[in-house]
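Biologist: I am new to this structure and would like a close look at a single part of it. Please start from one residue, say where it sits and how covered it is, and then work outwards from there.

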Amino acid sequence: MDTTAARPWSGIRKTFTYKAISDALWQSNPISKQILGICSALAVTVQLNTAIVMSLALTFVVSFSNLVISSMRTLIPRNIRIIVEVAVIATLVILADEFLKAFMYDISKQLSVFVGLIITNCIVMGRAETYAMANPPIRSFVDGLANGIGYGSILCGVAFFRELLGAGKLMGYQVVPQVLYNAGYENMGLMLLAPGAFIIIGLFVWLEHVFLKD
Amino acid sequence: MENLINIFLNSVFVGNILLAYFLGMCSYLAVSQNLKTSVGLGVAVIFVLGITTPANWLVYHFLLAPGALTWAGLPDVDLSFLKLVLFIALIAGMVQVVEMIIDRYSQGLYNALGVFLPLITVNCAVLGTSLFMVERSYTFPESVVYGLGSGLGWALAIVAMATVMQKLRYADVPEGLQGFGFRMIVTGLMAMAFMMFSGITL
C-alpha cells in the first residue's frame, strides 16, 4: 500500500497554501511566536463579544490587504511601497469601521478607537511587507486569512478567561451559577483591569511553550 | 490650569497609554532590553507625540470635523471619516522630519535608534493618542498637554521596564516562561503598580 493512500492528507501537506496556513496558525502564530499585533489585542479582550468582532475585522483587513497588495505587487515602485501599503490598509480599515458603525453600533462604541488602530497593527503591515509583496494573490489571501484566524484564536482565548473569571459571564450571559456565589465564590476584579490581560497572556505563552516544545 | 494639570497627570500615570490602553506594545517589547536605547526611543516618542497630537488637532478641527470647512464656504461637508488616513499620513511625515533632524544634529542618537525611528510611524501609541484626543473632544491646549503627557507616560514605562529587565538578567526564570511570557507578566505587575495612582485628583 503506498503512503499517499494511507495518509490522504499528505498530498495537501506539500502545497504552499497548506504551509502558509499551518505556519500562521501554529509554527509562527503572529501573537505568541512573533510578538506582533499585541498593541490592540489586549484592550478589546474584556468581553468575548468585542474580541470576536475585533478578530473578524482584523481578518477582513489583513486578508483583503494581502490580496490587493499582492495583485499590485509588480506595479508598486519599491521606494514608495510603504505609503502604498498604508493607503490600501487604511482604506480597508475605514470600510470595516464604517460597516461596524452602521450595523453594530453598540459594539463599535465599545471598541472605540481600536478598530482604527488596525492600521498600525504590525500583523497587517508585516504580512503585506513580507508575504504579499512576494507571492501570488490567492496564496496571499489565504495567508492573510490564516494569520487573522491565528490572531483571533489568541484574542478569543484571552477574552474567554478574562470574561469568565472577571465577570462570571460569557458573551454577556451569566455562566457561573448563583449557587457558587452563595457559597462564597467571588469574581476576580483584577481580570477586568489592564494587568489581568498582561498576566493572562504571559501564562498563555508559558503554557504553549511547555506543551508545544519540539 | 487645574484641568490641564489633571489631564497631564492622568495621561502619565492612571491612563498610561501603554499600561492602561496597551498601545505601543510592539516597539516596547522589542526595545526594552537595553536601557540606553529605551531612553533614546522614549525621548523620540515624547517629541513625536508632542508635535503630532496638536498638529492632528488642527487638521481635524480645520479640515475634517463636521462643519470645519465653513471658512472655505462649505459648511455642510463632513470629512471626519478621512481622519484615519490623514492622521497616519501626517504622523509618517512628522517622523520623517524628526529622523532627518536627528540624523543631522545627533549622529550618536541616530545610530542608537537605527531601525526603530521609522517604527514610530506604526507605533500604535502615536495614532492612538490622536484618536483618543478626537474621541474625548479636547481643546487645543488640552491636546498639547495630552500629547506630551502620553509621550512621557510611554517613555516612563519603557525606561522602567528596561531597568527592571536589567535587574532581572540573572534571575532564574522557569524554562518555558523565558522571554516574551516573562516580560508580559512583569509588565502586568508594573501596570498594577501604576494603577495605585488612580485615587489622585486635583
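Modeller: Val164(B) counts as partly exposed, because its relative accessibility of 28% falls between the 20% limit for buried and the 50% limit for exposed. The model is a predicted one. Val164(B) belongs to helix 8 of chain B. Between Val164(B) and Gly147(B) there are 26 Å from C-alpha to C-alpha, for a separation of 17 residues in sequence.

Helix 8 of chain B covers residues 140-167, and Phe140(B) is found in it. Phe140(B) has a relative accessible area of 32%, so this residue is partly exposed as well. Phe140(B) is one of the members of a nonpolar patch on the surface, together with Leu58(B), Phe62(B), Leu63(B), Trp71(B) and Leu86(B). The accessible area of these residues together comes to about 570 Å². Helix 3 of chain B, residues 35-64, gives the largest share of the patch, with 3 residues. A residue needs over 30% relative accessible area to enter such a patch, and Phe140(B), at 32%, therefore passes that cut-off.

The loop between helix 7 and helix 8 of chain B holds Ser137(B). Its relative accessibility is 60%, so Ser137(B) counts as exposed. The phi angle of Ser137(B) is near 40 degrees, which is a positive value in a residue that is not glycine.

A contrast in spacing is offered by another pair in chain B. Phe8(B) and Ser150(B) stand 142 residues apart in sequence, yet their C-alpha atoms are 7.9 Å apart in space. Phe8(B) lies in helix 1 of chain B, which covers residues 2-14. With 29% relative accessibility, Phe8(B) counts as partly exposed.

From chain B the view can be widened to a pocket that involves chain A as well. The second largest pocket holds about 470 Å³ of space. It is lined by 19 residues, and the closest to its centre are Asp97(A), Lys101(A), Ser112(A), Lys83(B) and Glu135(B). Four helices each supply at least two residues of this lining: helix 6 (81-103) and helix 7 (105-111) of chain A, and helix 4 (83-105) and helix 7 (124-135) of chain B. Helix 6 of chain A gives the largest share, 4 residues. By type, the lining divides into 9 nonpolar, 4 polar and 6 charged residues.

Two of the residues named at the centre of that pocket also pair with each other. Side chains of opposite charge can pair when their charged atoms come close. Lys101(A) and Asp97(A) form a salt bridge between their side chains, with 3.6 Å from N to O. That distance is within the 4 Å limit, so the contact qualifies as a salt bridge. Helix 6 of chain A carries both partners, which are 4 residues apart, about one turn of the helix. The partners are not covered alike: Lys101(A) is partly exposed because its relative accessibility is 36%, while Asp97(A), at 14%, is under the 20% limit and so counts as buried.

Over all chains, the structure holds 2 salt bridges. Asp143(A) and Arg127(A) also meet through their side chains in a salt bridge, at 3.0 Å from N to O. This pair links distant parts of the chain, 16 residues apart: Asp143(A) is in helix 9 of chain A (residues 137-167) and Arg127(A) is in helix 8 of chain A (residues 122-132). Their C-alpha atoms are separated by 8.2 Å. Asp143(A) has a relative accessible area of 1%, so this residue is buried. Arg127(A) is buried too, because its relative accessible area is 16% and the limit is 20%.

As for the chain that carries these two pairs, chain A has 11 helices and 2 strands. Along the sequence, their order is α-α-α-α-α-α-α-α-α-β-β-α-α. Chain A has 214 residues, of which 48% count as buried. Asp97(A) counts as buried, as do Asp143(A) and Arg127(A). Val164(B), where this description started, is partly exposed.

Notes. Residues are numbered from 1 along each chain as its sequence is written. Chains are lettered from A and ligands numbered from 1 in the order in which they are written. This is a predicted model: local features need pLDDT of at least 70, side-chain atom pairs count only at pLDDT 80 or more; totals for chains, interfaces and linings use all residues. Side-chain values use heavy atoms; hydrogens and water are left out. On a 1 Å grid over the protein atoms alone, a cavity is a set of points where a 1.4 Å probe fits but cannot get out, and a pocket is an open set with protein on both sides within 12 Å along at least five of seven lines; lining residues have an atom within 4 Å of a point. Grid points are joined across faces, edges and corners, and a volume is the space filled by probe spheres set on the points. Ala, Val, Leu, Ile, Met, Phe, Trp, Tyr, Cys and Pro count as nonpolar, Asp, Glu, Lys and Arg as charged, and the others, Gly among them, as polar. Patches are made of residues with over 30% relative accessible area and no salt bridge: like charges are joined within 9 Å, nonpolar side chains (Val, Leu, Ile, Met, Phe, Trp, Tyr) within 5 Å. Accessible areas come from the Shrake-Rupley method with a 1.4 Å probe; for residues, only the protein chains shown count as cover. Buried means under 20% relative accessible area, exposed over 50%, partly exposed in between (1.4 Å probe, protein chains only).
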